[in-house]
Amino acid sequence: MAPHTEQLTRPAVRLRGLTRSFDGRVVLDGIDLDIPAGQFVALLGHSGSGKSTLLRAVAGLDHEVVGGGELIAPERVSVVFQDSRLLPWRRVLDNVLLGLDGEDAAGRGREALAEVGLAGRERAWPSELSGGEQQRAALARSLVREPELLLADEPFGALDALTRIKMHNLLRELWERHRPSVLLVTHDVDEAIVLADRVLVLEEGRIGVDLAIERDARARGEYRGRLLAALGVTEDVR
Ligand SMILES: Nc1ncnc2c1ncn2[C@@H]1O[C@H](COP(=O)(O)OP(=O)(O)OP(=O)(O)O)[C@@H](O)[C@H]1O
């Protein structure tokens, strides 16, 4: 294959036989996964199933993970967590710019803040922002680095339901504009279906379900049922 063709077809993330144990207990048991460049993937699973462990591995934050396996991820990776992890002693723009240099950095930081709806809040302290605004700032901090891969570990888990819907719209909009690959860890089946083009369910250390989501609202009920069944959850009240 010619090199340029190979580059076009190479997945952004490639995992083969990814294994991780803690104190002899296997959490990831030979994960195989390819994420094509630009795909939006959600990862569901019960608490303790290993979602964050997998995400940390892909982020390159876990040096013990590979074992005999293979882990390929892009160079520019940004991670967003449930809490914004803004430094309280730095103003919002300075948080966004943390570790960046170059003459145009400040301009790019301002642009990123405007993109997430925080124009005019550059000089605010993190404590002056609401929870949702803090997550917007965290997204701006990720964006400004122009990530090829965005990893998000329950980024909206601590937000109220209305703010969460707004953040879903924002994230999807940012993804459509910038097209990074995304791996989103979530507990929320509906969030996964609304946002992602592909939903994975992690169970017993492996990817048990790998479901393509068609952007067709009518099908959402069916996806929901299938994913809940895969998770072994029944809804008695709804
Ligand atoms: N550093 C660690 N040391 C020991 N055990 C760990 C460590 N990190 C994770 N584990 C264990 O690995 C398992 C998977 O944890 P992980 O945080 O990946 O699950 P999760 O699916 O993200 O859970 P949750 O949805 O509750 O955040 C858990 O049983 C956890 O206790």
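In which strand does Val13 lie? Val13 lies in strand S1, which covers residues 13-22. The legends below describe close-up views of a predicted model.

**Figure 1. Val13 in strand S1.** Val13 counts as buried because it has 22 C-beta neighbours inside 10 Å, and 20 or more is the cut-off. Beyond residues up to four places away in sequence, Val13 touches Leu33, Asp34, Ile35 and Val58. It also touches Ile72, Ala73, Leu149 and Ser181. Ile72 is 59 residues from Val13 along the chain. Their C-alpha atoms are separated by 5.5 Å.

**Figure 2. The shell around the ligand.** Residues around the ligand include Phe22, Val27, Gly45 and His187. Ser47, Gly48, Ser49, Gly50, Lys51, Ser52 and Thr53 are also among them. Helix H2, residues 51-58, gives the most to this shell, with three residues. By class, the shell has eight polar residues, two nonpolar and one charged. The predictor gives the complex an ipTM of 0.97 and a pTM of 0.92.

**Figure 3. Domain 1 against domain 2.** The domain assignment gives domain 1 as 3-76 + 147-230 and domain 2 as 87-146. Their C-alpha centres lie 25 Å apart. Domain 1 puts 13 residues into the contact, and domain 2 puts in 10 residues. On the side of domain 1 that touches domain 2, helix H6 (residues 161-178) gives the most, with six residues. That side divides into nine nonpolar, two polar and two charged residues.

**Figure 4. The largest nonpolar core.** This core has 60 residues. Leu43 and Ala140 have the most contacts inside it. Why does the core lie between domain 1 and domain 2? Both domains give residues to it, so it lies between them. Leaving aside neighbours within four places in sequence, Leu43 is in contact with Lys51 and Leu54. Its other contacts are Leu183, Leu184, Val185, Leu200 and Leu202. Lys51 is also one of the residues around the ligand.

**Figure 5. Gln135 in helix H5.** Helix H5 spans residues 131-143. Is Gln135 buried or exposed? Gln135 counts as buried, because it has 29 C-beta neighbours inside 10 Å. Not counting residues up to four places away in sequence, Gln135 touches Ser84, Pro155, Phe156, Leu159 and Met167. Met167 is 32 residues from Gln135 in sequence. In space the two are 8.5 Å apart, C-alpha to C-alpha.

**Figure 6. Val116 in the loop between helix H4 and H5.** Helix H4 covers 105-115. Val116 is buried, because 24 other C-beta atoms lie within 10 Å. Setting aside residues up to four places away in sequence, Val116 touches Arg136, Leu139, Ala140 and Leu170. Of these, Ala140 is named among the residues with the most contacts inside the largest nonpolar core. Val116 and Glu133 are 17 residues apart in sequence. Their separation in space is 8.7 Å, C-alpha to C-alpha.

**Figure 7. Positive phi at Glu146 and Arg179.** Neither Glu146 nor Arg179 is a glycine. Phi is about 45 degrees at Glu146 and about 55 degrees at Arg179. Glu146 sits in the loop between H5 and strand S6 (149-153). With 12 C-beta neighbours inside 10 Å, Glu146 counts as exposed. Arg179 is found in the loop between H6 and strand S7 (181-185). It has 13 C-beta neighbours inside 10 Å and therefore counts as partly exposed. The cut-off for exposed is 12 or fewer.

**Figure 8. Glu64 in the loop between H2 and strand S4.** Strand S4 covers 70-72. Glu64 has 10 C-beta neighbours inside 10 Å, so it counts as exposed. How many residues apart in sequence are Glu64 and Thr19? They are 45 residues apart in sequence. In space they are 9.1 Å apart, C-alpha to C-alpha.

**Figure 9. Confidence along the chain.** The mean pLDDT of the chain is 90. Of its residues, 94% reach 70 or more. Where pLDDT is low, predicted coordinates should not be read in detail.

Definitions and conventions
Residues numbered from 1 in each chain as written. Predicted model: local features only at pLDDT ≥ 70, side-chain atom pairs only at ≥ 80, totals over all residues. Near = placed C-beta within 6 Å. Helix = DSSP H or I, 4+ residues; strand = E, 2+ residues; numbered from the N terminus. Nonpolar A, V, L, I, M, F, W, Y, C, P; charged D, E, K, R; others polar. Domains from an automatic or database assignment. Contact = placed C-beta atoms within 7 Å. Core = buried A, V, L, I, M, F, W, Y, C linked by C-beta atoms within 7 Å. pLDDT = per-residue confidence, 0-100.
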